[in-house]
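Here are my notes on the model you sent over. Have it open while you read, and go through the points in order.

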Amino acid sequence: MAIDRILVLGATGMMGRAVALTLAAGGHFVRVLARDADKARGALGDAADRASLASALASSGVAHVVFRPTWAMETLRNFVRGGRAIVIASRNPPPLHFVAAADFGRIVAASYDDDHALGRRLTVHGPEAIRLPDAIARYAAARHPGARVLRLTLRQARLIARLTFRAGLLEATRLIAYFDRVGEPGDPAETNALYGAPATTLETWCGAGE
């Protein structure tokens, strides 16, 4: 499926950046909508401003695929700051199939090369199920071995996030509460069959560095 131009929203985020870079590496012309053009240029090399939105959407057509990734491994960085690793002990942490942003970017980019996924809602899960407190502890041990481990309840973590203005941590507490209620939704079987299952394990991702 030939794509002349692809608009990526949120391309400076942890998942969007991987998508934009993978698409560009595959030969697609990528346009970026960003609030901070300088930040986008620094991360991606070029950016489109808000005035370009209408023309970019007009050229994109209506065909679509909805991807539903689970937790990104990159979110684990939000739990380690200033020599402390915050391990949040929620009431009912479900197993989560953490996915690396690079794997997610590969899958999304691959969907532009054929029509098989059009109109579908595809779930993206990583290769292994890990409860969040264990994932944080494993990440801290691998990437920040000297970090002091601070175990908090979900309420305590929310309070710290607000007092220290850590937007990433606050968003993570909201996600934790959501997943505690509903578990990890979706079945990645269709995604894996179409584009191959993500292969990056947490151990491999931690070993690759920041």
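1. How many residues apart in helix α7 are Arg174 and Glu171? They sit 3 residues apart in that helix, which spans residues 167–182, so about one helical turn separates them. Their side chains meet in a salt bridge, with 3.5 Å from N to O. On accessibility, Arg174 comes out partly exposed at 48% relative accessible area, and Glu171 is partly exposed too, at 39%.

2. Before going further, a word on confidence. Remember that this is a predicted model. The average pLDDT for the protein chain is 83, and 82% of the residues reach at least 70. The stretch to watch is residues 46–50, where pLDDT drops below 50. That stretch still has 15 contacts in the model beyond near neighbours in sequence, but I'd read those with the low score in mind.

3. Back to the charged pairs. Searching the whole structure turns up 3 salt bridges. One of them joins the side chains of Glu190 and Arg120, at 2.2 Å from N to O. Glu190 belongs to helix α8 (residues 189–195), while Arg120 is in the loop between α4 (101–111) and β7 (121–124), so this pair ties together parts that are 70 residues apart in sequence. Is Glu190 buried or exposed? Neither, quite: Glu190 counts as partly exposed at 33% relative accessibility. Arg120 is also partly exposed, with a value of 34%.

4. Then there is the salt bridge between the side chains of Arg138 and Glu128, listed at 3.9 Å from N to O. A salt bridge here has to fall within 4 Å, so this pair makes the list at 3.9 Å. Arg138 is in helix α5 (residues 132–143) and Glu128 in the loop between β7 and β8 (130–131), with their positions 10 residues apart in the chain. Arg138 is partly exposed at 38% relative accessibility. Glu128 is partly exposed as well, with a relative accessible area of 23%.

5. Now the inside. How many cavities of 30 Å³ or more are there? The count is 1, and its volume is about 60 Å³. The lining is made up of Trp71, Ile88, Ser90, Pro93, Pro94, Leu96, Leu132, Pro133, Ile176, Phe179 and Asp180. By type, those residues divide into 9 nonpolar, 1 polar and 1 charged.

6. Which helix gives the most to that lining? It is α7, with 3 residues. Both α5 and α7 supply at least two residues each. These helices came up above for their charged side chains: Arg174 and Glu171 are in α7, and Arg138 is in α5. When you look at the cavity, it is worth having those helices in view.

7. Last, take a look at Ala101, which lies in helix α4. Ala101 is buried, with a relative accessible area of 3%. What does Ala101 touch, leaving out residues up to four places away in sequence? The contacts are with Met14, Met15, Ala18 and Glu74. For another long-range pairing, the C-alpha atoms of Ala101 and Trp205 are separated by 10.0 Å, although the two residues are 104 apart along the chain.

Definitions and conventions:
Residues are numbered from 1 along each chain as its sequence is written. This is a predicted model: local features need pLDDT of at least 70, side-chain atom pairs count only at pLDDT 80 or more; totals for chains, interfaces and linings use all residues. Side-chain values use heavy atoms; hydrogens and water are left out. Helices (H or I, at least four residues) and strands (E, at least two) are DSSP runs, numbered from the N terminus. Buried means under 20% relative accessible area, exposed over 50%, partly exposed in between (1.4 Å probe, protein chains only). On a 1 Å grid over the protein atoms alone, a cavity is a set of points where a 1.4 Å probe fits but cannot get out, and a pocket is an open set with protein on both sides within 12 Å along at least five of seven lines; lining residues have an atom within 4 Å of a point. Grid points are joined across faces, edges and corners, and a volume is the space filled by probe spheres set on the points. Ala, Val, Leu, Ile, Met, Phe, Trp, Tyr, Cys and Pro count as nonpolar, Asp, Glu, Lys and Arg as charged, and the others, Gly among them, as polar. pLDDT is the predictor's confidence in each residue, from 0 to 100. Contact means heavy atoms within 4.5 Å.
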